[in-house]
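Hi everyone, thanks for coming. Please have a look at the model on the screen, and then I'll walk you through it.

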Amino acid sequence: MSANSNSVDPIVEQKIQIPYSYVAGPAVSRFLTGLKDCVFYASECDACGRKTVPPLSFCGRCWKPIREFVTVGPRGVVESFASMPGGETPGVVYALVRLRGADTCLPHLLDLVPGQKAQIGAEVEPVWNEEREGSVLDIRSFRLRQAG
Amino acid sequence: MTSGVAIVGVAQTCYEAAKDHLAYNELVYEVVAKLLRETGVKMADIHSQITASQDMFDGKTISSMSVNEVVGGYLKSEAKVAADGLQAALYGAARILSGSFEYTLITAHAKESESRRPAVTVSMFDPFTQRPLGLHDAISSGLQAERYLHVSGVTEENMAELSRRRHLDAKKNPLAQRAGDFTTKQILESPQMAGPLREMMVSPSSDGACAVLLASAERASAFGKRAVWITGTGNCTDAYWTERDLAEARALELAAAKAYKAAGIRNPAKELDVAEISARCAFEEPMYADALQLFDGDPRAWIRQSAKGEGIAVNPSGGAITGNPTSVAGLTRLAEAYLQVSGQAGEHQVAGARTALAHAADGICGQGHTVVVLRGNSGN
């Protein structure tokens, strides 16, 4: 064995890969299933009336179970957005979308055609994939609604 | 039972982008050894330890088991919080107030350089509807920044002004990571991170550790001016990031109200001499300073004033924006607040500082907040 400590690499490269099978539970399952049919489900607390999307099985504010599910959207309003650096091509734009009728935001991608600018308060609509499997990626992105 | 809890000493590593020469438990040893050397307290007299760290950054489940002996926890009572070290300090103070312990050693550590921040922070997000989009904490900060700018009227130039001032102040702090006399133009032209945030407006990836020694009133009496009293604490958690308005920090308002009430502070802007606020990003500082009632009215006016070094001293250390690791940043604020009110802050000492505030933020877009108010034994 060499006594030369310089021959030892002091940095050890490793990756941790752990498989998970996350259980969505009844509320989020309802949401994911709804996406297959291009429908957004929200939970509605019968005490405070708050509509949360993706839905919850309980209202943390009223500390009550929720049994009501209602549909919201599909149109919504941009509550905030963030463009990402993209190098040579324009970077992707993330948005927080408040779906019509909902009290919370859904984060997703915002698709802008050349010349369009993201804006807080702008009205958007989802662009759905042809093939849908019950995933948030069934929504390809949101796009700006044309005025008029 | 003790009549109060005091901080009797603190120790920090310098903060660096990559400490390639030491493992994380060795960083913790460095600060604990320094703390015992400077306070003269023996490890044999410390029977309570609380550590703060993130398993995902350490790359090891229950990673506190790797620092247990380093903090003197061998066959003693060590507990870990997976949150900012400032929360560990709250638990430590509660342990002393219970009458069971005379000292509690608080440590926090992280080596962000050993992993990739986006890869680590993506796991904070909801696995069903958020992770598939590739969200990580720079993106959520970008979304929050755009929302805050929209609602408050604060501009990218304002963020650059504040960032410039903090990096300039950091030149007087020998432990600061990214210090310098930058221009607002350099800051505005630094590479984009997300949305309106530029690299020079966000804490760089950081490695470091911090230790704080808490003592009962009986033990603290031997430390004279080096004993600083915890006069108020508050902690509060808000809703998940997509279920609240990201332009305000209501949990911080409530945490601060509790801490101020306990400390007997009615007008924070007048009664506090120093506020060390955990703001990783430039926009967080005015948002949090507002929630802490450090100014009244237009945040742009406060930014202009604070960037000139006027008004209450905020982050005289340079603050987290110049580089502090996750979970360490808030305990660093406590250490800096302690140094100020005990007159040991050296070149960045605020003259006559007697009352100071330390703040920590946890979770996505500052979901949780912790506030501690300190009072020194005499003016300095």
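Let me start with a question: how many residue pairs are in polar contact across the interface of chain A and chain B? Before I answer, please keep in mind that this is a predicted model. The rule finds ten such pairs, with both residues at pLDDT 80 or more. What about salt bridges between chain A and chain B? The count there is zero.

Now, which parts of chain A touch chain B? Helix 1 (25-36), strand 6 (76-83), strand 7 (93-99) and strand 8 (106-111) of chain A each supply at least two residues of that side. Strand 6 of chain A gives the most, with five residues. If you sort the chain A side by class, you find 22 nonpolar, five polar and three charged residues.

For the interface as a whole, 30 residues of chain A are in contact with 26 residues of chain B. Together, the two chains bury about 2500 Å², and 68% of that is on carbon and sulfur atoms.

Let's move over to chain B and its sheet. Chain B has an open sheet of ten strands with mixed pairing, in the order 3-2-4-7-1-8-12-11-9-10. The edges are strand 3 (77-81) and strand 10 (313-314) of chain B, each of which pairs on one side only.

Suppose we walk in from the strand 10 edge. Strand 10 of chain B runs parallel to strand 9 of chain B, joined by two bridges, and B:Ala275 stands opposite B:Val314 there. Next, strand 9 (residues 274-276) of chain B is joined by three bridges to strand 11 of chain B, and these two also run parallel. One bridge partnership to look for is B:Glu276 with B:Ala358 in strand 11 of chain B.

Then the direction switches: strand 11 and strand 12 (residues 368-376) of chain B pair in the antiparallel sense over eight bridges. You can find B:Thr355 opposite B:Arg375 in strand 12 of chain B. Those two strands form a hairpin with five residues between them, and in the turn B:Gly363 has a positive phi of about 85°.

One last question: why is strand 11 of chain B described as largely enclosed by the rest of the structure? Strand 11 covers residues 355-362, and seven of its eight residues are buried, so the rest of the structure largely encloses it.

That's my tour, and I'm happy to take questions!

Conventions: Residues numbered from 1 in each chain as written. Chains lettered and ligands numbered in written order. Predicted model: local features only at pLDDT ≥ 70, side-chain atom pairs only at ≥ 80, totals over all residues. Heavy atoms only, no water. Buried < 20%, exposed > 50% of the residue type's maximum accessible area, 1.4 Å probe, protein only. Helix = DSSP H or I, 4+ residues; strand = E, 2+ residues; numbered from the N terminus. Pairing = 2+ DSSP bridges. Contact = heavy atoms within 4.5 Å. Buried area = accessible area lost by both parts, 1.4 Å probe. Salt bridge = Lys/Arg side-chain N within 4 Å of Asp/Glu carboxyl O. Polar contact = N/O pair within 3.5 Å; in protein donor to acceptor, adjacent residues only side chain to side chain. Nonpolar A, V, L, I, M, F, W, Y, C, P; charged D, E, K, R; others polar.
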